[in-house]
Amino acid sequence: MPSIPASAAPADLVIDYLCTPVGESSIVRHGPVRLTTNLTFTTDLVVGDPLNLIWKMGYTGDGSRLQSPGYFGEGGQVHATGNVEHRSSWVGILQPQGVSDPEGPLRPDDPLALPEMMNDPGLTNKAGIITITPKDIDLDFTPPDGSVPVNDGDDADNPSDMKIVYDGAWTPRDDLPGSENHVHNDLHETSQLGASAQLTFVGTGVEYIGPHDKDAGPVDIYIDGIKRATVDPSRDADDDPVNDDLDGGHTLWTSPELTYGKHTIKVQNASTRLAWVDAFRVTTTTSQTPTGYHSAKCKLVGSPVSVQVTVREKTGPTDTTSPSPTNTTTDDPTDDPDPTDDPTTNTTPPHAGTTTDSLGHVIVVPVASGTSTTTSTPKSTGPTATKYYKAQVPKTPKGGVDSGEAPDDGGQPYGLMASGAALVMGSAGGGLLMRRRRAEHVGGAN
């Protein structure tokens, strides 16, 4: 079996199939039906990713088609189930499924649409290599609930083996006025004893439709070869005689519920009086349709192809964000420790040319001047970054104005110092003279 290695691109396999009948009343009715399909899926996955098989289907060229297996009202659908073998540490079958859009009213051999695609996503729960191999496709048909009228005979409206078959001398009456309410304004008439009209159908029930007429004779009704009833269209539901002439469109008899499948109803003239067949109404019940009754099996044309899918371990997210830069400013080693050196504890309002952030950091705002100043731009992880600095003058000189600048140097006050010294010496000399005079006065008194 050829094997295609996995790649990051999705696999896209074109696979042809040949479909043959399987069920008792298959939708493959007149020879094999050829299909062409496209199966796509991703071949490079991470654990937890879905392995999603998407399978598109189509008919090949102008070849044969799937066909309606009977008379059905609106809503019949074709179902498709693909089979895909997968092998890894565990072995199994994936089954993508699809269903066609609802059909309109169907007659036997009407072509059927295919499902646009089949789909079946499944999660991958561990790493490894999975080998995918497409297998057979199974087809089936689901009829709708409801009923559909069937009339006319061996003509374009009744192809194949499912049609009203008239045995004996019957005269078609298609020239009657529309006011008589015949189905499709079509009626068949006989007066021959034993003349019959027979319909083979697929469903769960059937009705015999015809006119009430005062000149009608009795007819016998058979289901699958067994007589079930005798009906007299010259009498109404209460068994009273009618006074009508070809009052059409009446349900003259309804079958009991039948097992879903193929059945035959036959209406046979039981006298030489006039008898008519207008139409039959076929009934189907979806819930009673056996699975696979209308099925077909589609097998690969040629050798199967396998494709490998790689499932990798899931890795955690990679942090590609660069760490935020840490900007530090080194103090002059000759500076004495001082609380004012820390900008986070400096409560002095910032000087002109600075601002503070919400944390109290001092942010230098460059001021244009005629002096060339060398600046450095900090690295950042974003479009802009703020670098924090200490104040330009870390200490306020003692005894000076809190301006961040030292006072200008001035001349020394030598004259003032000499005057002060003379004043001090004079005060000291005057005090000494006063003490001598006080001592003399005290001595003279003695």
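Start with the aromatic rings: the model has 5 aromatic pairs, counting rings of Phe, Tyr and Trp (its six-membered ring) whose centres lie within 6.5 Å. Select Phe72 and Phe141 for one of them: their centres are 5.3 Å apart, with 55° between the planes, and the pair is tilted. (Planes under 30 degrees apart count as stacked, over 60 as edge-to-face and the rest as tilted.)

Now colour the chain along its length and look at where those two rings come from. Phe72 is in the loop between strand 5 (50–59) and strand 6 (77–87), while Phe141 belongs to strand 10 (residues 128–142), so that the pair links distant parts of the chain, 69 residues apart. Are these two rings buried or exposed? Phe72 is buried at a relative accessible area of 1%, and Phe141 is buried too, at 2%. Here buried means under 20% relative accessible area, exposed over 50% and partly exposed in between, with a 1.4 Å probe and protein chains only.

A word on what you're looking at: this is a predicted model, where local features need pLDDT of at least 70, side-chain atom pairs count only at pLDDT 80 or more, and totals for chains, interfaces and linings use all residues. Residues are numbered from 1 along each chain as its sequence is written, and side-chain values use heavy atoms, with hydrogens and water left out.

**Stay on strand 10**

Keep strand 10 selected and add its partners. Strands pair here if DSSP finds at least two bridges between them; strands (E, at least two residues) and helices (H or I, at least four) are DSSP runs, numbered from the N terminus.

- Strand 6 pairs with strand 10 in the antiparallel sense over 10 bridges; pick Thr81 and you'll find Asp138 of strand 10 opposite.
- Strand 23 (residues 296–300) is antiparallel to strand 10, with 3 bridges. Asp138 turns up again here, with Lys297 as its bridge partner in strand 23.
- Strand 24 (residues 306–312) also pairs with strand 10 in the antiparallel sense, over 5 bridges; Gly128 stands opposite Val311 in strand 24.

Go back to strand 6 and step across to strand 7: the two run antiparallel and are joined by 4 bridges. Val84 has Leu94 as its bridge partner in strand 7. Which residues of strand 7 (residues 91–94) make up its covered face? Gly92 and Leu94 do, and Val91 and Ile93 are on the uncovered one.

**Next, the five-strand sheet**

Select strands 12, 15, 20, 17 and 18 in that order: they form an open sheet of 5 strands with antiparallel pairing. Strand 12 (165–167) and strand 18 (226–231) stand at the edges; each has a single partner strand, so one side of each is left without a neighbour in the sheet. Neighbouring strands of this sheet are turned by 20° against each other on average, direction ignored, with axes taken as lines fitted to C-alpha atoms.

Zoom in on strand 15 (residues 196–203) and strand 20 (residues 261–269), which run antiparallel and are joined by 8 bridges. Ala197 stands opposite Val267 in strand 20.

Then show the side chains of Lys266 and Tyr222. Lys266 lies over the face of Tyr222, 4.9 Å from the ring centre. (The rule asks for NZ of Lys or CZ of Arg within 6 Å of the ring centre and within 35 degrees of the ring normal.)

**And the four-strand sheet**

The order 11-22-16-19 gives an open sheet of 4 strands, again with antiparallel pairing. Its edge strands are strand 11 (146–150) and strand 19 (247–254), each pairing on one side only. Neighbouring strands are turned by 30° against each other on average, direction ignored. Inside it, strand 16 (residues 205–212) and strand 22 (residues 279–284) pair in the antiparallel sense over 5 bridges, with Phe280 of strand 22 as the bridge partner of Tyr208.

**Last stop: zoom out and colour by pLDDT**

pLDDT is the predictor's confidence in each residue, from 0 to 100. The protein averages 76, and 66% of the residues score at least 70. Among its elements, strand 17 (residues 219–223) has the highest mean pLDDT (98) and strand 26 (residues 362–364) the lowest (37). Select residues 339–406: pLDDT is below 50 over this stretch, which has 63 contacts in the model beyond near neighbours in sequence. A contact means heavy atoms within 4.5 Å.

With everything in view, the protein has 1 helix and 26 strands, and 35% of its 446 residues count as buried.

How values were computed: Axes are lines fitted to C-alpha atoms, for helices over the stretch in contact, and angles run from 0 to 180 degrees between N-to-C directions.
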